[in-house]
Amino acid sequence: MIDPRLKVLQLVAHHGTVTAAAAALHYTPSAVSYQLRQLAEELGVELVTQRGRGIQLTAAARTLLRHVEVLQAQVERARAELAAISEEPSGPFTLCGFSTAATHLLPPAAAALRERYADLRVRVIEAEPARCFDLLLAGDADLALVINSADTPSTADERFDQQPLLDDPLDLVVPAEHRLTELRRVTLADAADEPWIVALPGGAYHDLVRTACAAAGFSPHIAHYANEWDTGAALVAHGFGIILVPRLARLNEEWPVVRLPLHGEPAPARRIIAATRQGRRDHPAVAASLDAISTTAATLLPQRR
């Protein structure tokens, strides 16, 4: 419904390079460059200029993009209304999300959609939050479960509708027989002197742990790095330190570790956000997905309170 060359311009603006935009669109870089030139010639303006080895958007391109965002949102609203009129939404529908969400929240939602809408072709993609936004923008996903980080668009970004879905509390995981297991109520500050196991720097989880500890009044002594929950739990089980693990994450039950809910302030949690393209939230399949995800989360989170 909108000239596909405008989407090409959107992706170039989002990624900053023709090569990255081409990868997101599954095009060749030459195809992206050709479509940009063709669009510029048709409009009679210059859209990009060379800047060193990269490119820079012109004032005309930025002006055009503001209008494209408005048009795109209106098209999404029209599609949502048309789908609501139809008795049976059909066609492809893709859910995407980071690893924990893709494991515990998206499969039940996909199953509920498949059962409710027989003609809907439901697909699930596991992807890091930044990649989820790429998929939304390219039209390769309809709903994403993400956690905001330095690599993801701001919640004020008008291209997307981002709404808090749920807070996933972080539990402290310690070795069995650890001193903290004897306390009735454990706060994050109680673990200030412990050796910590965190994810590698640069990721949302690493930043979340550092920020939570700072709010509790200390800087964690980082002894080891582990990006996978089971890897971290194995290190904890062998006495190498402690970790914070989201309550939705499931650990290997064979490890001799204890999971302790945290009390007091701050009690750290990661906020899971449901993101769609602007204007798409009222699509019946999106609404049904969010209902199913919320129902699943309500049954999972209380299990470890």
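What follows is a chat between a trainee and a mentor about a predicted model.

Trainee: Let's start at the N-terminal end. Where is isoleucine 2 placed, and how far in space is it from valine 75, C-alpha to C-alpha?

Mentor: Isoleucine 2 sits in the segment before H1. It touches Leu71, Gln72 and Val75, leaving aside residues up to four places away in sequence. Isoleucine 2 and valine 75 are 73 residues apart in sequence, yet their C-alpha atoms are separated in space by 8.0 Å.

Trainee: Is isoleucine 2 buried, partly exposed or exposed?

Mentor: Buried needs under 20% relative accessible area, and exposed needs over 50%. Isoleucine 2 has 22%, so it counts as partly exposed.

Trainee: On to arginine 5. Is that one buried or exposed?

Mentor: Arginine 5 is found in helix H1, residues 4-15. The cut-off for buried is under 20% relative accessible area. Arginine 5 has 10% relative accessibility, so it counts as buried.

Trainee: Which residue's side chain makes a polar contact with the side chain of arginine 5?

Mentor: Look at what arginine 5 touches beyond four places in sequence: Gln35, Gln38, Leu39 and Glu42. One of these pairs with it side chain to side chain at 2.9 Å, and that partner is glutamate 42.

Trainee: How are H2 and H3 oriented to each other?

Mentor: The axes of H2 (residues 18-25) and H3 (residues 29-43) come within 8 Å and cross at roughly 105°. Angles of 65 to 115 degrees go in one class, so H2 is roughly perpendicular to H3.

Trainee: And how do the residues of that contact divide by type?

Mentor: From H2 there are Val18, Thr19 and Ala22, which meet Pro29, Val32 and Ser33 in H3. The split is four nonpolar, two polar and no charged.

Trainee: What about the loop between those two helices: what is phi of histidine 26?

Mentor: Histidine 26 is in the loop between H2 and H3. With a relative accessible area of 59%, it is exposed. Though it is not a glycine, histidine 26 has a positive phi of about 65°.

Trainee: Which loop holds glutamate 177, and is that residue buried or exposed?

Mentor: Glutamate 177 also has a positive phi without being glycine, near 75°. Its loop runs between strand E6 (160-175) and strand E7 (195-198). Its relative accessible area is 75%, so glutamate 177 is exposed.

Trainee: Now H6 and H10. What is the orientation of H6 and H10 to each other?

Mentor: The axes of H6 (residues 106-116) and H10 (residues 284-300) come within 8 Å, crossing at roughly 135°. Over 145 degrees would count as roughly antiparallel, so this pair is oblique.

Trainee: How many of the residues in that contact are charged?

Mentor: H6 brings Leu106, Pro108, Ala109, Ala112, Leu113 and Arg116, while H10 brings Ala285, Ala288, Ser289, Ala292, Ile293 and Thr296. Nine are nonpolar and two polar, and the number charged is one.

Trainee: Last one: how many residues of H9 are buried, and which glycine follows H9?

Mentor: H9 covers residues 229-237 and is mostly covered, with seven of its nine residues buried. Those are Trp229, Gly232, Ala233, Ala234, Leu235, Val236 and Ala237. After H9 comes a glycine with a positive phi, near 80°, and that is glycine 239.

Terms used. Residues numbered from 1 in each chain as written. Predicted model: local features only at pLDDT ≥ 70, side-chain atom pairs only at ≥ 80, totals over all residues. Heavy atoms only, no water. Axes fitted to C-alpha atoms, helices over the stretch in contact; angles between N-to-C directions. Helix = DSSP H or I, 4+ residues; strand = E, 2+ residues; numbered from the N terminus. Parallel < 35°, antiparallel > 145°, perpendicular 65-115°, else oblique. Contact = heavy atoms within 4.5 Å. Nonpolar A, V, L, I, M, F, W, Y, C, P; charged D, E, K, R; others polar. Buried < 20%, exposed > 50% of the residue type's maximum accessible area, 1.4 Å probe, protein only. Polar contact = N/O pair within 3.5 Å; in protein donor to acceptor, adjacent residues only side chain to side chain.
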